[in-house]
Amino acid sequence: NDEVLKQFNTNSTKMSKLVRDGAILITTQTMKKTEYKLGEKIIVHPILTNIGNKSMNIFYMWHPFFFVVNDQNGYAVWANGPSVPMMEYSSNLNQTIEPNISFTGGIHDVADPRHPVILNNPGNYTISSVADFYDDQGNPRHLVWSEPIKFTVLPEKYSVADMNMLPPLQQ
């Protein structure tokens, strides 16, 4: 995973929008809160929106988004993508994104619930959502980045009791 993180520490250009034949795709994200405890699952909702005036088809594998977390010094400390590069023109899902329509990929939580964003060091961080797809012209893979959101991991430990979701035990 260190090799994956290193690629995000370089000064590579991060594409903030994809413009293609009248379609303009941007990635945005929302979080319900900006303070988390140590070990708490950080929930991010990524959105890919076409702000252009023409439709565009996108092709992707399992989920069209991944996340990158940077510490306060700008170093990537957590990422769940990009997935192993898929074979060119090999995808199992596609979506037509109409003008002024948003697309969430059908999953309303972190992209891969088996590997949620969980940080075990207190501090200030940013998280970015990245749309990861091919377009219908067979161009190389596109990574369209959101603006980062700042959040804080507090030094206190998270516990399941914090969830307040468990019913009382029955006798």
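**Close-up views of a predicted model**

**Figure 1. Overview of the protein chain in the predicted model.** Of the 171 residues in the protein chain, 37% are buried. The model is a predicted one, and its secondary structure consists of one helix and 14 strands. Among the contacts with a separation of 6 or more, 76% are between residues 24 or more positions apart. The accessible surface of the protein chain amounts to about 10,200 Å², and 53% of this surface belongs to carbon and sulfur atoms.

**Figure 2. The open sheet of four strands, in the order β1-β2-β5-β10.** The strands of this sheet are paired in the antiparallel sense. Its edge strands are β1 (17–20) and β10 (102–103), each of which pairs on one side only. Strand β1 is joined to strand β2 (residues 23–30) by antiparallel pairing over four bridges, and Arg20 has Ala23 in β2 as its bridge partner. The loop between β1 and β2 contains Asp21, a residue other than glycine whose phi is nonetheless positive, near 50°. With a relative accessible area of 60%, Asp21 is above the 50% cut-off and therefore counts as exposed.

**Figure 3. The buried side chain of Asp135 and its polar partners Arg20 and His142.** Asp135 belongs to strand β12 (residues 123–135), and its relative accessible area is 3%, under the 20% limit, so the residue is classed as buried. Two polar contacts between side chains are shown here: one of 2.9 Å joins Asp135 and Arg20, and another of 3.1 Å joins Asp135 and His142. When neighbours within four places in sequence are left aside, Asp135 is in contact with Arg20, Met56, Asn57, Phe59 and His142. Arg20 thus appears in this view as a side-chain partner of Asp135, while in the sheet of the preceding view Arg20 is bridged to Ala23 of β2.

**Figure 4. Asn70 in strand β7 and the backbone oxygen of Gly74.** Strand β7 covers residues 65–71 and includes Asn70, which is buried with a relative accessible area of 12%. A polar atom of the Asn70 side chain lies 2.9 Å from the backbone oxygen of Gly74. Not counting residues up to four places away in sequence, Asn70 touches Tyr75, Ala76, Val77, Asn124, Tyr125 and Thr126. One of these residues, Tyr125, is taken up again in the view of the aromatic cluster.

**Figure 5. The tilted aromatic pair of Tyr60 and Phe103.** A search of the whole structure finds three aromatic pairs. In the pair of Tyr60 and Phe103, the ring centres are 5.9 Å apart and the planes stand at 55°, so the arrangement is described as tilted. The pair links distant parts of the chain, since Tyr60 is in strand β6 (residues 56–60) and Phe103 is in strand β10, 43 residues apart. Both partners lie under the 20% cut-off for burial: Tyr60 has a relative accessibility of 4% and counts as buried, and Phe103, with a relative accessible area of 9%, is buried as well.

**Figure 6. The stacked pair of Tyr125 and Phe151.** The rings of Tyr125 and Phe151 have their centres 5.7 Å apart and their planes at 20°, so this pair is classed as stacked. Because Tyr125 is in strand β12 and Phe151 is in strand β14 (residues 149–157), the pair ties together parts of the chain that are 26 residues apart in sequence. Tyr125 is buried, at 8% relative accessibility, and Phe151 is likewise buried, at 2%. Together with Tyr36, these two residues form one aromatic cluster.

**Figure 7. Lys14 over the face of Trp145.** Lys14 lies over the face of the Trp145 ring, at 4.9 Å from the ring centre.

**Figure 8. Asn100 in the loop between β9 and β10.** The loop that holds Asn100 runs between β9 (93–97) and β10; β10 is also an edge strand of the open sheet. Asn100 is not a glycine, yet its phi is positive, at about 60°. A relative accessible area of 62% is over the 50% limit, so Asn100 counts as exposed.

Terms used. Residues are numbered from 1 along each chain as its sequence is written. This is a predicted model: local features need pLDDT of at least 70, side-chain atom pairs count only at pLDDT 80 or more; totals for chains, interfaces and linings use all residues. Side-chain values use heavy atoms; hydrogens and water are left out. Helices (H or I, at least four residues) and strands (E, at least two) are DSSP runs, numbered from the N terminus. Buried means under 20% relative accessible area, exposed over 50%, partly exposed in between (1.4 Å probe, protein chains only). A polar contact is a pair of N or O atoms within 3.5 Å; within protein, one must be able to donate a hydrogen and the other to accept it, and residues adjacent in sequence count only if both atoms are side-chain atoms. Contact means heavy atoms within 4.5 Å. Two strands pair if DSSP finds at least two bridges between them. Accessible areas come from the Shrake-Rupley method with a 1.4 Å probe; for residues, only the protein chains shown count as cover. Rings of Phe, Tyr and Trp (its six-membered ring) pair if their centres lie within 6.5 Å; planes under 30 degrees apart count as stacked, over 60 as edge-to-face and the rest as tilted. A charge sits over a ring if NZ of Lys or CZ of Arg is within 6 Å of the ring centre and within 35 degrees of the ring normal.
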